[in-house]
Amino acid sequence: RLRHRIVTALLLWPFAIYTRLKYRADISRFDHQGRQFLVVMNHQTAWDQFFISLAFWRPVYYIASEDLFSKGWISRVLEWAVAPIPIKKSTNDSRAVRLCRKVALEGGRIAIFPEGNRTYSGCTEYIKPSLEQLVRFLRLPVAIVHIEGGYGVKPRWSDVIRRGRMRAYVSEVIEMEEYAAMSSEEL
């Protein structure tokens, strides 16, 4: 939607400056030439979604936990400004899948943290097998974003942002033809 493009354009530079100063984050801009993707990434800090937006420089529609939508007026502002896709945790949410399909058909980029939560240890946690089904259902190229250093800079169990460096970049793009030939375990 037009308002999502406007909000993204207005907020990108302030977020870029903030993340560079506060998190010392180096975010590699991904030249995607307007293509749409299903973006998957590891989840290390509470600001990871902003790092992804800075890498793509276009609106990205995030699959977000349903508890984000219970924050009163803040939730309403987020819904209007960036339209996150609500998902119920620990279930296979068919409503969320339908919304993802709608966004994909409208040409939007969808982002999901396959772990569902920020890491406690710095390592990638359990990834639900239903992600493979979502990838095959949406039929979008998969952009894998790797976030390095976030666990040391802002661990989940701390309220303090620590000195350190972070890096976020698209490490790989898996095209539809590639994952169509993969087994479930490979994907």
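**Figure 1. Charge distribution in the predicted model.** The chain carries 28 positive and 19 negative charges, and the mean positions of the two sets lie 9 Å apart. The coordinates shown are those of a predicted model. The accessible surface of the chain amounts to about 10,800 Å². Carbon and sulfur atoms contribute 56% of this surface.

**Figure 2. Overall fold and dimensions of the chain.** Seven helices and seven strands make up the secondary structure. Read from the N terminus, the elements follow the order α-β-β-α-β-α-β-α-β-α-β-α-β-α. Along the principal axes, the C-alpha atoms occupy a box of roughly 45 × 35 × 35 Å. The radius of gyration is 16 Å, which agrees with the value near 16 Å expected for a compact globule of 187 residues. Of these 187 residues, 41% are classed as buried. Among contacts with a separation of 6 or more, 71% are formed by residues 24 or more positions apart.

**Figure 3. Helix α2 and its surroundings.** Helix α2 comprises residues 48-56. Seven of its nine residues are buried, so the helix is largely enclosed by the rest of the structure. The buried set consists of Asp 48, Phe 51, Ile 52, Ser 53, Leu 54, Ala 55 and Phe 56. Phe 50, in contrast, counts as partly exposed, because its relative accessibility of 25% is not under the 20% cut-off for burial. Trp 57 follows α2 and has a positive phi, near 55°.

**Figure 4. The aromatic pair Phe 15 and Phe 50.** The chain contains seven aromatic pairs. In the pair shown, the ring centres of Phe 15 and Phe 50 are separated by 4.5 Å, and the ring planes meet at 35°, so the arrangement is classed as tilted. This pair connects distant parts of the chain: Phe 15 belongs to helix α1 (residues 2-23) and Phe 50 to helix α2, with their positions 35 residues apart. Phe 15 has a relative accessible area of 22% and is partly exposed. Phe 50, at 25%, is likewise partly exposed.

**Figure 5. The aromatic cluster of Tyr 18, Tyr 23 and Phe 51.** Ring pairs join Tyr 18, Tyr 23 and Phe 51 into a cluster. Phe 51 is one of the buried residues of α2. Tyr 18 and Tyr 23 fall within the range of helix α1, residues 2-23.

Conventions:
Residues numbered from 1 in each chain as written. Predicted model: local features only at pLDDT ≥ 70, side-chain atom pairs only at ≥ 80, totals over all residues. Heavy atoms only, no water. Helix = DSSP H or I, 4+ residues; strand = E, 2+ residues; numbered from the N terminus. Rg over C-alpha atoms; globule rule 2.2 N^0.38 Å. Buried < 20%, exposed > 50% of the residue type's maximum accessible area, 1.4 Å probe, protein only. Contact = heavy atoms within 4.5 Å. Areas by Shrake-Rupley, 256 points an atom, 1.4 Å probe, with all protein chains shown as cover. Lys, Arg positive; Asp, Glu negative; His and termini not counted. Charge placed at Lys NZ, Arg CZ, Asp CG, Glu CD. Phe/Tyr/Trp six-rings, centres within 6.5 Å; stacked < 30°, edge-to-face > 60°.
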